[in-house]
Amino acid sequence: MLIVLLTLRVPAQQVPVVEVTLTNGMRLLMVQRHDEPSIAGGWVAHVGSANERPGITGITHLFEHMMFKGTRTIGTRDPERDLQIIEEQERIREQIRKEEAELRAAWRRGEIDDWRKPENRTPRLRELEARFRELVEEQRRLLVKNEFDRIYTAAGASGMNAFTTEDLTAYFITVPANKLELWMWMESERLLHPVFREFYAERDVVFEERRLRIESTPLGRFEETFNALFWQSHPYLWPVVGWPSDIPAITKAQADEFYATYYTPENITLVLVGDFTTNQAVAMAQRYFGRIPPGNRPPPEVITEEIAPVAERRMYAEAEANPQVHIAWLTVPFAHKDSYPLDLLAEILSHRTGRLYKGLVLGREIATQVSASQNSQKWSGNFRITAEAREPHTPEEVEKAIYEELARLQEEPVPPEELQKVKNNFAANEYRRLTSNFAILIQLLLYDGWGDWREINAAGPKYQAVTAEDIQRVARKYFTKEARTVAIYTRKPAAGARAAGAHPPDQP
């Protein structure tokens with residue numbers, strides 16, 4: 001028996017979402033749009049990096065990769081031998097981990113300089129690694145690479161992808177309207193019968209992704225440090241891609257446990273937007289996704305809250321980038337009543353018509369670019385302002401000017417015409433985000449992952465109801481010295497400059 005929870009019959013400017021709960025607890029959100037013969041389909045698992053713990057950071061993002069490896073029948077030429085190889089690989093990996101634990105102990109005692117160096121490996125470890133490589137090569141001969149994508153592409157589907165955030169993991173694709181049943185079968189199969197092939201090879205791919213996205217960019221590692229400085233207690237403090245020591249240590253057993261905990265029907269929402277009928281979609285969803293058994297227990301909620309800040313935190317860094325300042329304040333989570341005036345406040349400050357650009361770039365000419373954003377997430381939020389200094393001005397000068405602009409917002413109400421302008425911009429942006437199947441799909445995936453898909457219709461009126469007094473109130477409440485974290489970036493001296501006697505500028 002299906003439980004129909006909610007059907008929205010609303011004016012044309014709103015999104016007519018139908019919500020249904022399947023017998024196993026999985027929810028299905030549907031939006032019928034017959035403008036074109038296609039369907040944007042996706043699903044969101046309510047798990048992100050905030051659900052991790054030290055030791056397995058990055059495991060959620062790793063799962064995003066693993067969910068494309070196929071099923072018991074997709075992705076291999078010999079399903080039976082494929083599973084046997086995976087089991088044997090795990091037995092070898094367990095022995096390898098024991099050898100590595102002994103090396104780490106020797107490193108802590110100072111007996112070796114680096115337990116990861118090849119020359120420090122024991123003969124037994126070398127033997128185990130050689131056997132593991134043999135199994136990897138045997139499995140590769142059985143694999144059908146990218147078969148999941150090939151099946152979809154042959155059926156006319158496009159745009160298959162996924163993303164992971166601190167709060168959620170989302171998967172999506174666009175299929176022809178007559179391929180809805182293919183989508184139902186493919187997506188339910190990778191939830192019901194996933195096979196995590198090449199687990200350790202993909203773990204290495206994720207580690208390389210971390211190197212490219214964070215360690216090889218001018219500000220990547222500094223931004224990671226800044227984020228960890230900003231969040232004192234909340235699990236938002238570690239990066240979505242994971243810490244470099246955790247990624248190569250994640251085991252398949254840990255991954256299996258993580259999957260069984262968070263990839264359960266009760267923790268997943270399906271979303272369909274496009275050319276279908278509700279009755280058709282519900283019947284198919286029950287047939288295919290209803291096969292997935294419910295979880296044994298509800299996934300644990302994130303309990304640790306960010307502690308109230310009591311002092312400003314600052315960091316100074318030399319980077320291969322233009323001098324700049326980044327400032328962040330602790331604010332509020334998604335759909336909090338103060339998130340709406342904070343969003344509008346960011347609009348008042350941002351863009352070429354905003355106060356920061358007019359005041360710092362055009363007026364004082366001390367900055368080359370500046371931006372502001374309110375970032376409300378599922379469990380908490382932050383407000384960020386970044387600005388690049390125009391030489392010969394310093395980041396500290398720009399920082400001081402930013403505080404002066406914020407003080408104006410705290411002391412003087414925003415004029416009605418200025419407030420209405422940003423409200424109109426918000427309304428226009430919301431409308432543009434809802435003009436295609438895919439755009440609506442992404443909004444529903446995000447909103448449901450953050451806590452409430454109904455915000456797709458409810459947020460607009462809340463923005464329009466914000467007053468100048470609300471803007472002034474949140475500016476006073478959240479933009480305090482104690483609640484902010486500041487990063488000052490100066491340009492890294494050219495090679496040889498320090499050797500010639502150059503010194504970094506004095507820091508306040």
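User: How many bridges join strand 4 to strand 7, and in which sense do the two strands run?

Analyst: Seven bridges join strand 4 to strand 7 (residues 268–274), and the two run antiparallel. Two strands count as paired if DSSP finds at least two bridges between them, so the seven bridges here satisfy the criterion. Within this pairing, Ala45 stands opposite Ile268 of strand 7. Strands are DSSP runs of E with at least two residues, helices are runs of H or I with at least four, and both are numbered from the N terminus. The model is predicted: local features require pLDDT of at least 70 and side-chain atom pairs pLDDT 80 or more, while totals for chains, interfaces and linings use all residues. Residues are numbered from 1 along each chain as its sequence is written, and side-chain values use heavy atoms, leaving out hydrogens and water.

User: Which strand pairs with strand 4 over eight bridges?

Analyst: Strand 6 (residues 169–176) does, in the antiparallel sense. Ala40 has Thr174 of strand 6 as its bridge partner. Strand 6 is also joined to strand 5 (residues 158–164) by five antiparallel bridges, with Asn161 partnered by Phe172. The link from strand 5 to strand 6 is a hairpin of four residues.

User: What makes strand 4 mostly covered?

Analyst: Eight of its eight residues are buried, a term that means under 20% relative accessible area, with exposed meaning over 50% and partly exposed the range in between (1.4 Å probe, protein chains only). In a regular strand the side chains alternate between the two faces of the sheet. Strand 4 has both faces covered: Ser38, Ala40, Gly42 and Val44 are buried on one side, and Ile39, Gly41, Trp43 and Ala45 on the other.

User: Why is strand 6 called largely enclosed?

Analyst: Seven of its eight residues are buried, so strand 6 is largely enclosed by the rest of the structure.

User: Why is one side of strand 8 and of strand 10 left without a neighbour in the sheet?

Analyst: The open sheet has five strands in the order 8-12-9-11-10, with mixed pairing. Strand 8 (313–319) and strand 10 (367–376) stand at its edges with a single partner strand each, so one side of each has no neighbour in the sheet. Direction ignored, neighbouring strands are turned by 10 degrees against each other on average. Helix 7 (residues 220–230) packs on this sheet, touching strand 8, strand 9 (324–330), strand 11 and strand 12 (484–491); contact means heavy atoms within 4.5 Å. The direction of helix 7 makes about 175 degrees with that of strand 8. Such angles run from 0 to 180 degrees between N-to-C directions, with axes fitted to C-alpha atoms, for helices over the stretch in contact. At the strand 10 edge, nine bridges provide the antiparallel join to strand 11 (residues 381–389), where Ile385 is the bridge partner of Ala372.

User: Why is helix 10 called roughly perpendicular to helix 15?

Analyst: Helix 10 (residues 339–349) and helix 15 pack at about 70 degrees, with their axes 10 Å apart. Angles of 65 to 115 degrees count as roughly perpendicular, under 35 as roughly parallel, over 145 as roughly antiparallel and the rest as oblique. Helix 10 is therefore roughly perpendicular to helix 15. The crossing is right-handed, the near helix being turned clockwise from the far one by less than a right angle, whereas anticlockwise is left-handed. Tyr340, Asp343 and Leu344 of helix 10 meet Glu455, Ala459, Lys462 and Tyr463 of helix 15.

User: Why are helix 12 and helix 16 oblique to each other?

Analyst: Helix 12 (residues 395–411) and helix 16 (residues 468–478) pack at about 130 degrees, with their axes 7 Å apart. This angle falls in none of the three named ranges, so the pair is oblique. Their crossing is left-handed. Leu409, Gln410 and Glu411 of helix 12 make the contact with Ile471, Gln472, Ala475 and Arg476 of helix 16.

User: Why is Glu455 called buried, and why is Arg81 called partly exposed?

Analyst: Glu455, in helix 15 (residues 455–464), has a relative accessible area of 4% and is therefore buried. The side chains of Glu455 and Lys462 share a polar contact of 2.9 Å, which meets the limit of 3.5 Å for a pair of N or O atoms; within protein, one must be able to donate a hydrogen and the other to accept it, and residues adjacent in sequence count only if both atoms are side-chain atoms. Arg81, in helix 2 (residues 79–108), has a relative accessible area of 21% and is therefore partly exposed.
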